[in-house]
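Visitor: I would like a close look at a single part of this protein, a loop and its backbone geometry. Please set it against the rest of the chain.

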Amino acid sequence: MGFQDFYGNAEAVRTLREMLARGRFPHSIILHGPAGAGKYTLAQMLAKAMNCERAPQTGGLPDFCGECSACRRIAQADDFDTCFAEAVEAREGLREADKRDARLFLQTFPDVTIVPPDPPQMMIKVGQVRRVTETVYFRPAAGRERVYVFTTSAFMREAANALLKVLEEPPEFATLILLAENPGELLPTLRSRCFSVRLSPLPVAEMEAWLDGAQPKWTAKQRALVARLSEGAVGRARSFDLAAYVEARNDALSLLASALESHDHSALFKVTDSYRGGADGREKTARLLRTLYSVLEDMLFLKSGTPELVRNTDIAARLERLAAPVDFAWLAAAAQELDQVEAGMRRNLLRSLSLDAFATALERD
């Protein structure tokens, strides 16, 4: 176990390890890249390398063993989603008076603190940053380096300003790692005080090669589809629910076919009637809307003469038939109608009727 388990972005990983080897690792760093690119995974690996009790080397560069007490305790937070859900649930179990002042942190090792977005706004709040500023100047209790990982670039303004002082005068034994999909969301004053490392999306061929080992039961067409839909992000490909996506795509195609190929709405009503209320219905509808955007985008690529950009490659012929009778104005109108459906979902409008209205509004004379 070690950095060799991180797939892709070898140059970025090597640069970080070389800085560790020279003892010149930045005290504040921004890891940025698309969702699922491995930003959190890499931050955890860096925290382990900074605190590993055995401090091994591979290829002449610092690594981590994954077996010592420090590595194992830090690894308890590797599954961010599960740890975050547990932290939220634990706070919900507090008394109302205590809940108001409680802020979320994940800490399985004394010197590594994960700072997640705080519900319900899902932003880093000033109370979380103040906790960091109160502890960052204390020397490590169990390891060699204090590490703070901010898992989102969504900072409340006061929280971002509170973090500036630490970034201006960081202690020599502390490292702050900020994760961001788009570093432009961070204040310029924060960005200017951090070393920035980009994790790039992987090429489709590399994604297919990775999926060949990770999902051997999938067909070549399925691997090609997921490689494109995951947009070069291994984390997104790892958790991709192919069956759920195909089900949502079949419904999306039914909606579009009802608008473009038939004025018989019986098939349309059969599909939309399955989109009921409740949490399950909300997630199912959200998945359908995301899939509709993907299909419409592929139709746009076909109309614009760039079929190499199509992601739903396994149904390219079906998409060509759907795209043949429409123009760019129709595709723009479809995207606008879909925006209206999405807005309606936030207002808790009846889902089945909203989807019916979407399909019928796009019917061609």
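Guide: What follows starts with the whole chain, goes to one loop, and then turns to other sites for context.

The model is predicted. The protein has 17 helices and eight strands. Its C-alpha trace spans about 70 × 50 × 35 Å along the principal axes. Of its 365 residues, 48% count as buried.

The part to look at is the loop between helix 10 (220-229) and helix 11 (234-238), where S230 is placed. E231 belongs to this loop between helix 10 and helix 11 as well. S230 has a relative accessible area of 0%, and because buried means under 20%, S230 is classed as buried. A polar atom of the S230 side chain lies 2.8 Å from the backbone oxygen of V226. That distance is within the 3.5 Å limit for a polar contact.

E231 has a relative accessible area of 40%, so it is partly exposed. The cut-offs put this class between buried, under 20%, and exposed, over 50%. The backbone of E231 is also worth a look: its phi is positive, about 55 degrees, although E231 is not a glycine. As background, most residues other than glycine have a negative phi. The loop thus offers two readings side by side: S230 is buried, whereas E231 is partly exposed.

A positive phi also turns up elsewhere in the chain. N9, likewise not a glycine, has a phi of about 50 degrees. N9 lies in the segment before helix 1 (10-21). With 14% relative accessibility, N9 counts as buried, whereas E231, at 40%, is partly exposed.

Another backbone feature concerns a peptide bond. P119 and P120 are joined by a cis peptide bond, with omega about 0 degrees. In general, most peptide bonds are trans. P120 is in the loop between strand 5 (112-115) and helix 6 (126-135).

Last, a site on the surface. D79, D81, E86 and E89 form a negative surface patch. E89 is part of helix 4, which covers residues 80-92. The relative accessibility of E89 is 60%, so E89 counts as exposed.

To return to the loop: S230 has its side-chain contact to the backbone oxygen of V226 at 2.8 Å, and E231 has the positive phi of about 55 degrees.

Key: Residues numbered from 1 in each chain as written. Predicted model: local features only at pLDDT ≥ 70, side-chain atom pairs only at ≥ 80, totals over all residues. Heavy atoms only, no water. Patch = residues over 30% accessible without salt bridge, like charges linked within 9 Å, V, L, I, M, F, W, Y side chains within 5 Å. Areas by Shrake-Rupley, 256 points an atom, 1.4 Å probe, with all protein chains shown as cover. Salt bridge = Lys/Arg side-chain N within 4 Å of Asp/Glu carboxyl O. Lys, Arg positive; Asp, Glu negative; His and termini not counted. Charge placed at Lys NZ, Arg CZ, Asp CG, Glu CD. Helix = DSSP H or I, 4+ residues; strand = E, 2+ residues; numbered from the N terminus. Buried < 20%, exposed > 50% of the residue type's maximum accessible area, 1.4 Å probe, protein only. Polar contact = N/O pair within 3.5 Å; in protein donor to acceptor, adjacent residues only side chain to side chain.
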